[in-house]
Structure formats: structure tokens, C-alpha cells
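Good morning, and thank you for coming. I would like to take you through one structure, beginning with its sheets and ending with a pocket.

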Amino acid sequence: MDEVRNPFAPGAGSQPPELAGRDEIIRAAEVAIKRVLAGKHGRSQMFLGLRGVGKTVLLNKIEEIASDNDHLTSFVESPEDNSFAELIYPKIHQALRKLSFVEGARAKALDAMRALRSFASTFKIEMGDMAISVDAEPGVADSGNLEYDLSELFEAVGLAAKAAGRAWTLLIDEVQYLREGELSALIVAIHRSNQKNLPIIVFGAGLPQLAALTGDAKSYAERLFEFPEVGPLHPEEALKAIKNPILEEGEEIDEAALDEIISKTEGYPYFLQEWGFQSWNTADASPISLGDVRVASERSLSRLDEGFFKVRFDRLTPKEREYVVAMAALGEGPYRSSDVADSLGEPVNKLGPRRASIIKKGMIYSPEYGDLAFTVPMFADYLNRTVIGADLNAQ
């Protein structure tokens, strides 16, 4: 069929044509956003889920809702090699510039600008083309302690937003990559903003271990955040995610073809988009048939193997690869750490640093004490298909 009209979007964070199965999460976020603007408490939220479940898509949707409800928005992604101070500085600068043009908020915005300059100087942030044209405010956000300084900076931004009759929504993707001290400082800053009833709310997204990380950083984090779990779609919602976009384009898909896509993808949104995309392009004409989907499945797996899966596997060292391959060889997870150690012929404690390194890279997590699981859906299948299977064929 016409590839130009293909409605599916298999990309990292790409907005799908049908955002199915997330209505409750979106509604709760919208309520919190509106409450914060109205001067009431709105609880910040951290979305938890595996790779490919649509956490970034949700953050993008929530940013859109916040913008439509008079919030200034700042979106940052937490890579592994940048400090949080460096990431957030230009975003706060951008928000304060907008507030500085609001007549009733100009004075508070300039105060916040001075605090931001102090913060940038203290944490040696390269300001580049975003130089601030105000002097630093001595004694504000310049102690060198990130917990204190980020709290004072958030307070300054919140006061400026409040003076403008606006609110500030901060959205952070890949929160698990924040260093422990940075995560702790963020939690304290949100807590202080709530205590002072400032119009600030934070939405974050991360891998399943994020809930434990926030609790380790600050014991009261579990009372500060909601932790909605973002998982695979239920079959009826997965069906909508595939069928509705096709119908909206005036085309059709056979029921058997739909069932095959739901079965192959296990309801994971990223995979649904990939299978939908390939099935549309494979079909010569409507309706998309079971045969079309079976051909598309081969193409989808090939694309995932060369991209989604391979990119993540390539980030591991040879010893780390050995560890995850040993996990996959045990079958479906979760896996006991002791079983993986036995498979490798090593003591569990000796493998601790290797296991911790793989967890830090976001490839595996511990759903329960002593257990391990992959953060990437179908990753065990990929390893069995391309690594373990290839080794067996070579023998």
C-alpha cells in the first residue's frame, strides 16, 4: 500500500497515531497540572517501565497538556555523561526569559536570573551564548551543595512563575541515569517547592529500578511521587493501537492478521508500531492479510535485531555480554543471580561488580532481591536467536 500514507511511527519517543491504553495516566497528569496552576497541591509523578513501552511518548503528551494549561515546560533527558546542573541550566534560563516579559513577574524573574547566574558560576557551567545579563546574587544558590542550591533555584523559579500567574512543569526522561546526589537534590527541591506551595510539578520516566533509587536517595520520596507503571498494552488496547490508524486511513486488516501482530509483539507499544509499519508496507492492497503480517514479522525482527537490540548489546563489554547471554540461556526470566553464577562457574559475590555495571547501563534490573530481569522486552529471544543460536550452528 501507499508508504506515504503509512500511519505507524516506529521511532524512539515518536507519537503513535493511536495513544491507546494510557487514558488513566494522562487524566491523572492533567488533573495534577491543573491543580498546581490553581494553587493546589499536585503530586509529581515518575513513570516506570521497560524499554519500548512508551514512557517518552507519555512525557511528550504531558508536556503538550501542560503547555495548553498555562505552564512553562522544560524537557530534559538524563544521559550518562552530563551533570544534571548542566542539563537543567539552559532550560531554566529559557523559562525565566519568557517570564521576564510578563509585566507583573519581571522583578521576580530577574531575581531568579541572578540566582541562576550564581548557580552556574558555582557549578562551573559553561554559559556559552546564553550569558545572563544580570549580576549573581551573593548567598543564593551558591553554596556548592547541590541539595541546597537546587532548592533555592527552584524556589526562585516558582516565585517568578507564581507572580506571572503561570506554573512550571519539568519533564525528565531516563531519570535512572541521574547520580545519587543529583536525584537526592531533585527530590529535596521538589519537596521544598511543595512545602512553599509553589506552582512547580515534575514528571519523570525511567526503568523499573527508579522507584528503589528514589527511595534510597530520600526515604520520603515514596510519599512525594506517584509511580505509575507503564507496561505492555492489554490485548483490546493493542488491537486499537493497530486497527484504528488503519481504519482512519480508509483501509482494513483481517482479524487473523491482527491476532498475529498482538501475539508477536506481546502488546509492547514500540513493537506494535514496528509490526504495523512493516505490515502496511508489505501489503499490496487492503485488507492487510495474515500472510502480509508473517512476511512483515521477518522484516520487523531483522530491523529490531540490527537496531533496537544490537545497539544495546554493543554497549556491553565482552564480560558483560557473557553474563547476559548466560541469563538468556536459562530461558524466560526473571533469573536468580545464583543460577547465572552457576552457569558461569563463578561465585555470586565475585560477579557482583559485573552485575552492578550492567544494571547501571540500564540493561538489567532486579525486580526482587536476588532476581534479575532484562529491561528490554524480548531481549532473551534476541540473544538466543542471534548469539546462542549462532554459536550452536557454528559447532
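In what order do the 3 strands of the open antiparallel sheet lie? The order is β6-β8-β7. Please keep in mind throughout that we are looking at a predicted model. The edges of this sheet are formed by β6, residues 335–336, and β7, residues 364–365, each of which pairs on one side only. Between β6 and β8, the latter covering residues 371–374, the antiparallel pairing runs over 2 bridges. There, Y335 is placed opposite L372 of β8. As a general point, the strands of a sheet pair through backbone hydrogen bonds, in either a parallel or an antiparallel manner.

The second sheet I wish to show is parallel, and it is also open. It has 5 strands, in the order β2-β3-β4-β1-β5. Its edge strands are β2 and β5, the latter at residues 225–226, and each of them pairs on one side only. β2 and β3 are joined in the parallel sense over 7 bridges, and T73 faces T169 of β3 across this pairing.

Let us stay with this sheet and pick out a single residue, M46, which belongs to strand β1. Is M46 buried or exposed? With a relative accessible area of 0%, M46 is buried, since the cut-off for that term is under 20%. Leaving aside residues up to four places away in sequence, the residues that M46 touches include V175, G204, A205 and L210. F225, E226, F227 and P228 are also among its contacts. By contrast, I242 lies 196 residues from M46 along the chain, and the two C-alpha atoms are separated by 27 Å.

I turn now to helix α2, which comprises residues 55–68. Its 14 residues reach 20 Å from the first C-alpha to the last, close to the 20 Å expected at 1.5 Å a residue. Which residues of α2 are buried? They are K55, V57, L58, L59, I62, I65 and A66. An α-helix has 3.6 residues a turn, so residues three or four places apart point the same way. The buried residues of α2 are covered by elements that include helix α1, residues 23–37, and four strands: β1 (44–48), β2 (71–77), β3 (167–173) and β4 (200–206). Just after α2 ends, D70 adopts a positive phi of about 65°.

That brings me to other details of the backbone. K124 is not a glycine, yet its phi is positive, at about 50°. This residue sits in the loop between α4 (106–122) and α5 (146–163), and at 69% relative accessibility K124 counts as exposed. E266 is another residue other than glycine with a positive phi, here near 55°. E266 occupies the loop between α10 (255–265) and α11, and its relative accessibility of 47% makes it partly exposed.

Where are cis peptide bonds found? One joins S286 and P287, with omega at about 0°. P287 lies in the loop that connects α11 (269–282) with α12 (290–314). Another cis bond runs from G333 to P334, where omega is near -5°. P334 is placed in the loop between α13 (318–329) and β6, the edge strand with which we began.

A further residue for your attention is S338, in helix α14, residues 337–344. S338 is partly exposed, with a relative accessible area of 33%. In sequence S338 and V348 are 10 residues apart, while their C-alpha atoms are 5.8 Å apart in space.

I close with the second largest pocket, which holds about 400 Å³ of space. Three helices each give two or more residues to its lining: α6 (180–195), α7 (210–217) and α15 (352–360). How many residues line this pocket? There are 14, and those nearest its centre are Q176, L178, R179, L213 and K360. By character, the lining is made up of 7 nonpolar, 2 polar and 5 charged residues.

Thank you for your attention.

Key
Residues are numbered from 1 along each chain as its sequence is written. This is a predicted model: local features need pLDDT of at least 70, side-chain atom pairs count only at pLDDT 80 or more; totals for chains, interfaces and linings use all residues. Side-chain values use heavy atoms; hydrogens and water are left out. The expected span of a helix is 1.5 Å times one less than its number of residues. Buried means under 20% relative accessible area, exposed over 50%, partly exposed in between (1.4 Å probe, protein chains only). Contact means heavy atoms within 4.5 Å. On a 1 Å grid over the protein atoms alone, a cavity is a set of points where a 1.4 Å probe fits but cannot get out, and a pocket is an open set with protein on both sides within 12 Å along at least five of seven lines; lining residues have an atom within 4 Å of a point. Grid points are joined across faces, edges and corners, and a volume is the space filled by probe spheres set on the points. Ala, Val, Leu, Ile, Met, Phe, Trp, Tyr, Cys and Pro count as nonpolar, Asp, Glu, Lys and Arg as charged, and the others, Gly among them, as polar. Two strands pair if DSSP finds at least two bridges between them.
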